[in-house]
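Me: Could you take a close look at one part of this model for me? I'd like to hear about one helix and the things packed around it, in one connected answer.

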Amino acid sequence: NIKAPRQMGKSSLLMRIADMATRQGKRVALLDFQLFDKAALTDADIFFRQLCFWLTMEMEVQDQIDDYWKAPLGNPQRCTRYISRHLLPQLGSPLVLALDEVETIFDTDFRTDFFGMLRSWHNSRARTPVWKQLDLVLVTSTEPYQLIGNLNQSPFNVDTEIELMDFTPEQVADLNHRH
């Protein structure tokens, strides 16, 4: 989890993490949540389907979303099944799912479902081999407790949190010297 106010270097750090993951032989899907349109941010079905489709395009695998959306399950369940039974098994290497600007869904009716799903994916890593292939990186400029009411469903309190702070005068001088 990377957290800091706007314009503090979160996305830059995310790009460095993505580059390092690629050098380690991992696949990287970088999704900037600012690219979700209004329709997706007001309709959970559209949002979860678009999320799956976007990942499918990024990973360049065959789209089978319609097959998974036929099941009489909720959107987080359909999305989870799609990722675990279709997407991850086809990749052949671990995936870093980097989600930038996740606070974009703060005002949606489905934010608890979405963040609960991510927490479930994290928890599944302990018992299901396919989920061990997935690393999540979440970037936000909003306090995580504002994003999800039930902290037991939060993906923000289960792993490493990187909180970016203002540069000290010494750090600014060093940065100026380097550039």
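**Helix 6 and its neighbours**

Reply: First, how far to trust it: this is a predicted model, with a mean pLDDT of 83 over the chain and 81% of the residues at 70 or more. Confidence peaks in helix 3 (residues 44-59), with a mean of 96, and is lowest in strand 5 (residues 162-163), where the mean is 54. There's also a stretch, residues 153-158, with pLDDT below 50. That stretch still has 25 contacts in the model beyond near neighbours in sequence. Where pLDDT is low, the predicted coordinates should not be read in detail.

Now some context. The chain holds eight helices and five strands, and starting at the N terminus the order is β-α-β-α-α-α-α-β-α-β-α-β-α. Of the 179 residues, 41% are buried. Taking contacts between residues at least 6 apart in sequence, 71% join residues at least 24 apart.

On to helix 6 itself, residues 111-124. It has 14 residues and spans 20 Å from first C-alpha to last, close to the 20 Å expected at 1.5 Å a residue. Quite a few of its residues are buried: Phe114, Phe115, Gly116, Met117, Leu118, Arg119, Trp121 and Ser124. So there's an arginine on that list, alongside the aromatic side chains, with Arg119 counting as buried because its relative accessible area is under 20%.

Two helices pack against helix 6. Take helix 5 (residues 75-91) to begin with: the angle between helix 5 and helix 6 is about 35 degrees, and their axes sit 10 Å apart. Their crossing is right-handed. On the helix 5 side the contact uses Pro76, Cys79, Thr80 and Ile83, which meet Asp113, Met117 and Trp121 in helix 6. Sorted by class, the residues of this contact come to five nonpolar, one polar and one charged.

Then there's helix 3. Helix 3 and helix 6 also pack at about 35 degrees, with axes 11 Å apart, and this crossing is right-handed too. Here Phe47, Phe48 and Leu51 from helix 3 meet Asp113, Phe114 and Met117 from helix 6. By class, that contact has five nonpolar residues, no polar ones and one charged. If you set the two contacts side by side, Asp113 and Met117 turn up in the one with helix 5 and again in the one with helix 3. Trp121 is listed for the helix 5 contact, and Phe114 for the helix 3 contact.

Last, a couple of backbone spots in the loops around here. Glutamate 101 lies in the loop between strand 3 (95-100) and helix 6, and has a positive phi of about 60 degrees although it isn't a glycine. Glutamate 101 counts as buried because its relative accessibility is 10%. Glutamate 60 does something similar with its backbone: its phi is positive, about 55 degrees, and again the residue is not a glycine. Glutamate 60 is in the loop between helix 3 and helix 4 (65-69), and at 71% relative accessibility it counts as exposed. Its C-alpha is 9.7 Å from that of leucine 87, a residue 27 positions away along the chain. So, two glutamates with positive phi, one buried at 10% and one exposed at 71%.

How values were computed. Residues are numbered from 1 along each chain as its sequence is written. This is a predicted model: local features need pLDDT of at least 70, side-chain atom pairs count only at pLDDT 80 or more; totals for chains, interfaces and linings use all residues. Side-chain values use heavy atoms; hydrogens and water are left out. Axes are lines fitted to C-alpha atoms, for helices over the stretch in contact, and angles run from 0 to 180 degrees between N-to-C directions. Helices (H or I, at least four residues) and strands (E, at least two) are DSSP runs, numbered from the N terminus. A crossing is left-handed if the near helix is turned anticlockwise from the far one by less than a right angle, and right-handed if clockwise. Contact means heavy atoms within 4.5 Å. Ala, Val, Leu, Ile, Met, Phe, Trp, Tyr, Cys and Pro count as nonpolar, Asp, Glu, Lys and Arg as charged, and the others, Gly among them, as polar. The expected span of a helix is 1.5 Å times one less than its number of residues. Buried means under 20% relative accessible area, exposed over 50%, partly exposed in between (1.4 Å probe, protein chains only). pLDDT is the predictor's confidence in each residue, from 0 to 100.
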